Amino acid sequence: MATRIYLRMMKATGNAPSNLAAELGRWQTTSQRFQRVGKLRAHIGDLFCRPRIVTSTIHGAKGDEWEHVIILGVTDGSIPFYREIKRGQIDEERRLFYVAVTRARKSVHLFQAPFHHAPSRQKFATPSRFLTLKVKRTLDGQRSLSG
């Protein structure tokens with residue numbers, strides 16, 4: 001019965017899921033924690049009131065600002081991108097890095113870890129060349145630096 005109701009609601013909004021079994025399985029697991037529908041609705045309402053987590057590319061972040069920013073992949077090969085390193089054209093990559101670290105109002109956290117880039121079959125392990133001593137001191141003085 002619940003499946004039919006759910007399907008009707010989703011079809012009415014034009015958002016019928018492509019994988020119904022996975023979608024219902026996700027909600028079934030969540031809804032089993034609540035003994036009453038009212039408690040489940042209250043929980044869902046609380047979720048909508050929480051601050052949202054926004055994921056973005058550095059390009060997509062231009063012009064936006066958030067309380068806290070987490071930047072992943074601050075590794076040579078990712079920031080700056082390996083193709084731009086090979087071309088010797090990393091000025092735009094440096095500007096993009098600047099954009100990324102200046103999007104935070106309160107804190108910025110930078111994370112660097114070795115990674116394997118499958119398409120190019122390359123491994124990258126060196127922290128980004130943009131993490132100069134001057135940059136680190138600036139970030140330590142103004143924001144939190146992690147990684």
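Is glutamate 84 buried or exposed? I looked this up first and found that glutamate 84 is buried, with a relative accessible area of 17%, where buried means under 20% relative accessible area, exposed means over 50% and partly exposed lies in between, computed with a 1.4 Å probe on protein chains only.

**Basis of the entries.** I am reading a predicted model, in which local features need pLDDT of at least 70 and side-chain atom pairs count only at pLDDT 80 or more, while totals for chains, interfaces and linings use all residues. Residues are numbered from 1 along each chain as its sequence is written, and side-chain values use heavy atoms, with hydrogens and water left out.

**Entry on helix H5.** I looked for the partner of glutamate 84 and found a salt bridge (a side-chain nitrogen of Lys or Arg within 4 Å of a carboxyl oxygen of Asp or Glu) to arginine 87, with the closest N and O atoms 2.8 Å apart. Both residues lie in helix H5 (residues 82-87), three residues apart, which is about one turn of the helix; I take helices (H or I, at least four residues) and strands (E, at least two) as DSSP runs, numbered from the N terminus. Arginine 87, in contrast to its buried partner, is exposed at 52% relative accessible area.

**Entry on arginine 105.** I then turned to arginine 105, which forms a salt bridge with glutamate 65 at 3.1 Å between the closest N and O atoms. Arginine 105 lies in strand S2 (residues 104-111) and glutamate 65 in the loop between helix H4 (58-61) and strand S1 (66-72), so the pair ties together parts that are 40 residues apart in sequence. I noted both as partly exposed, arginine 105 with a relative accessible area of 48% and glutamate 65 with 42%.

Glutamate 67 also forms a salt bridge with arginine 105, and here the closest N and O atoms are 2.8 Å apart. This pair links distant parts of the chain, since glutamate 67 is in strand S1 and arginine 105 in strand S2, 38 residues apart. I found glutamate 67 partly exposed, at 31% relative accessible area.

**Entry on the total.** I recorded a count of six salt bridges by this rule.

**Entry on the nonpolar surface.** I last looked up a nonpolar surface patch of about 320 Å², made by Ile70, Leu72 and Phe111; such patches take residues with over 30% relative accessible area and no salt bridge, joining like charges within 9 Å and nonpolar side chains (Val, Leu, Ile, Met, Phe, Trp, Tyr) within 5 Å. Phenylalanine 111 is placed in strand S2 and is partly exposed, with a relative accessible area of 35%.

Terms used:
Accessible areas come from the Shrake-Rupley method with a 1.4 Å probe; for residues, only the protein chains shown count as cover.
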